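Work through the exercises below with the coordinates open. Each task is followed by a solution in steps.

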Amino acid sequence: MKKLTALVIDDSRIMRTMVMNSLGKAELAEFEFIEAEDGLDALEKFDPKAVDIIFADWNMPRMNGIDFVRKVRANKKNLHIPIIMVTSEQTVGKMNEALGRAGASAYICKPFTVQDLQRKIGKLINEVPDRSVKPTGFFNRLMS
Amino acid sequence: MSVMEPILEEHPQLICVRDAVMSTFAMFLGAAPAYTGILQADESREQIVSILSLVGERTWSLMLHLPRATAEALALKFAGFEIPFDSADMGDVAGELMNVVAGSVTAHLEAAGIKAEMGLPTVVSGSDLRLPLPEGLNRVQMGFHSDDGPFSMAVTEGDARHVARRSES
């Protein structure tokens, strides 16, 4: 199974645990997790060379999830990293804001099921390079 | 404290809240809870209360009241593992339940042409809780019954988060 590092951002420890448990059950990849309590904490812990995929809540203290997404996407080097909003915000306006202007890759409403995760992020995960596969070729080794 | 007339049909936002509570809890519990009608506030039991404000054309607050036994049963279904009532994690669960209900409320309101933005939840717990509200504030408390026990959702005009802060002090 593909090995990936996921940054999971939620101010609720229980929700972070539920996201991580659900990702384990979804069997889309073998995940290593980095946890963050809000957008600011996530920005401090975010290393584009180490993080393969991001799961971000919307409503959080200090810095919310949508501002975090905008900050990450403002750097063109981060455009390839999938960002999945996992949020209780269910309005069409919020979904359009996240997926359109801010640049999130997918939008999952709480509460979600393992099947929701598989359906909404399966394709995204397939497109992320496997961290357990060593790059081959001179230029790939040079770039890694 | 005055109480609004319990005629939900005259208050579309109350219907949005009732429907959001029923659909959200149906997702957690597998079956929709029964709406049992407007309650007189019962703050004497040991319970956890999650409060969240909605800001928009009107500012109002939602207060989810979970008696201890109901909270423990819901937490088990929500998180998938047992969570002690007197733990920070129980506050986390109550806050998240409130968040999800409020997300559904704002979606129901949007469909009804009413704009509202969610705030962050504040949680307070204990026995014999007194949640003082300012004089003249309109408040309706809707009762529900699920297989995991009773609970209620109060809708209050204005921002009621200070109630929790006052109760904690």
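**Exercise 1. Two helices in chain B**

At roughly what angle do the axes of helix 2 (residues 68-79) of chain B and helix 3 of chain B cross, and within what distance do they come? Then classify the packing and its residues.

Solution.
- Note the source first: this is a predicted model.
- Step 1. The two axes come within 10 Å and cross at roughly 75 degrees.
- Step 2. Angles of 65 to 115 degrees count as roughly perpendicular. Helix 2 and helix 3 of chain B are therefore roughly perpendicular to each other.
- Step 3. List the contact. Helix 2 of chain B brings Ala71(B), Leu74(B), Ala75(B), Phe78(B) and Ala79(B). Helix 3 of chain B answers with Met90(B), Val93(B), Ala94(B) and Leu97(B).
- Step 4. Sort by class. This contact has nine nonpolar, no polar and no charged residues.

**Exercise 2. A helix pair across the chains**

Describe how helix 1 (residues 13-26) of chain A meets helix 3 (residues 88-111) of chain B.

Solution.
- Step 1. The axes come within 8 Å, with a crossing angle of roughly 80 degrees.
- Step 2. That makes helix 1 of chain A roughly perpendicular to helix 3 of chain B.
- Step 3. From helix 1 of chain A, the contact uses Arg13(A), Ile14(A) and Met15(A). From helix 3 of chain B, it uses Asp89(B), Asp92(B), Val93(B) and Glu96(B).
- Step 4. By class, this contact holds three nonpolar, no polar and four charged residues.

**Exercise 3. The chain A side of the interface**

Which element of chain A gives the most to the side that touches chain B?

Solution.
- Step 1. Count both sides. The contact takes 16 residues from chain A and 19 residues from chain B.
- Step 2. Find the contributors. Helix 1 and helix 4 (92-102) of chain A each supply at least two residues to the chain A side.
- Step 3. Helix 1 of chain A gives the most, with five residues.
- Step 4. The chain A side splits into six nonpolar, seven polar and three charged residues.

**Exercise 4. Helix lengths and a bend**

Check the spans of helix 1 and helix 5 (residues 114-127) of chain A against 1.5 Å a residue. Then locate the bend in helix 5 of chain A.

Solution.
- Step 1. Helix 1 of chain A has 14 residues, so it should span 20 Å; its end C-alpha atoms are 20 Å apart, which agrees.
- Step 2. Helix 5 of chain A also has 14 residues, so 20 Å is expected; the end C-alpha atoms are 19 Å apart, which agrees.
- Step 3. Helix 5 of chain A bends by about 55 degrees at Ile121(A).
- Step 4. Ile121(A) is also one of the buried residues of helix 5 of chain A, with Leu117(A) and Ile125(A).
- Step 5. An α-helix has 3.6 residues a turn, so residues three or four places apart point the same way.
- Step 6. The buried residues of helix 5 of chain A pack against helix 1, strand 3 (53-56), strand 4 (83-87) and strand 5 (106-109) of chain A.
- Step 7. Helix 1 of chain A has its own buried residues, including Met18(A), Val19(A) and Leu23(A).

**Exercise 5. Backbone exceptions in chain A**

Where do Glu27(A) and Arg62(A) lie, and is each one buried or exposed? Add the cis peptide bond that leads to Pro111(A).

Solution.
- Step 1. Glu27(A) is not a glycine, yet its phi is positive, about 55 degrees. It sits just after helix 1 of chain A, in the loop between helix 1 and strand 2 (30-36).
- Step 2. Glu27(A) has 10 C-beta neighbours inside 10 Å, so it counts as exposed.
- Step 3. Arg62(A) is not a glycine either, and has a positive phi of about 65 degrees. Its loop runs between strand 3 and helix 3 (65-73) of chain A.
- Step 4. With 11 C-beta neighbours inside 10 Å, Arg62(A) counts as exposed.
- Step 5. The peptide bond from Lys110(A) to Pro111(A) is cis, with omega near -5 degrees. Pro111(A) belongs to the loop between strand 5 and helix 5 of chain A.

**Exercise 6. Lys3(A) and its partners**

Which residues does Lys3(A) touch, not counting residues up to four places away in sequence?

Solution.
- Step 1. Place Lys3(A) in strand 1 (residues 3-9) of chain A.
- Step 2. On that count, Lys3(A) touches Ala29(A), Glu30(A), Asp130(A), Arg131(A) and Ser132(A).
- Step 3. Lys3(A) and Val133(A) are 130 residues apart in sequence, but 8.6 Å apart in space, C-alpha to C-alpha.
- Step 4. Lys3(A) has 13 C-beta neighbours inside 10 Å, so it counts as partly exposed.

Definitions and conventions. Residues are numbered from 1 along each chain as its sequence is written. Chains are lettered from A and ligands numbered from 1 in the order in which they are written. This is a predicted model: local features need pLDDT of at least 70, side-chain atom pairs count only at pLDDT 80 or more; totals for chains, interfaces and linings use all residues. Axes are lines fitted to C-alpha atoms, for helices over the stretch in contact, and angles run from 0 to 180 degrees between N-to-C directions. Helices (H or I, at least four residues) and strands (E, at least two) are DSSP runs, numbered from the N terminus. Angles under 35 degrees count as roughly parallel, over 145 as roughly antiparallel, 65 to 115 as roughly perpendicular and the rest as oblique. Two residues are in contact if their C-beta atoms, placed from the backbone, lie within 7 Å. Ala, Val, Leu, Ile, Met, Phe, Trp, Tyr, Cys and Pro count as nonpolar, Asp, Glu, Lys and Arg as charged, and the others, Gly among them, as polar. The expected span of a helix is 1.5 Å times one less than its number of residues. The bend at a residue is the angle between axes fitted to the seven residues ending there and the seven starting there. A residue is buried if 20 or more other C-beta atoms lie within 10 Å of its own, exposed if 12 or fewer, and partly exposed in between; C-beta atoms are placed from the backbone.
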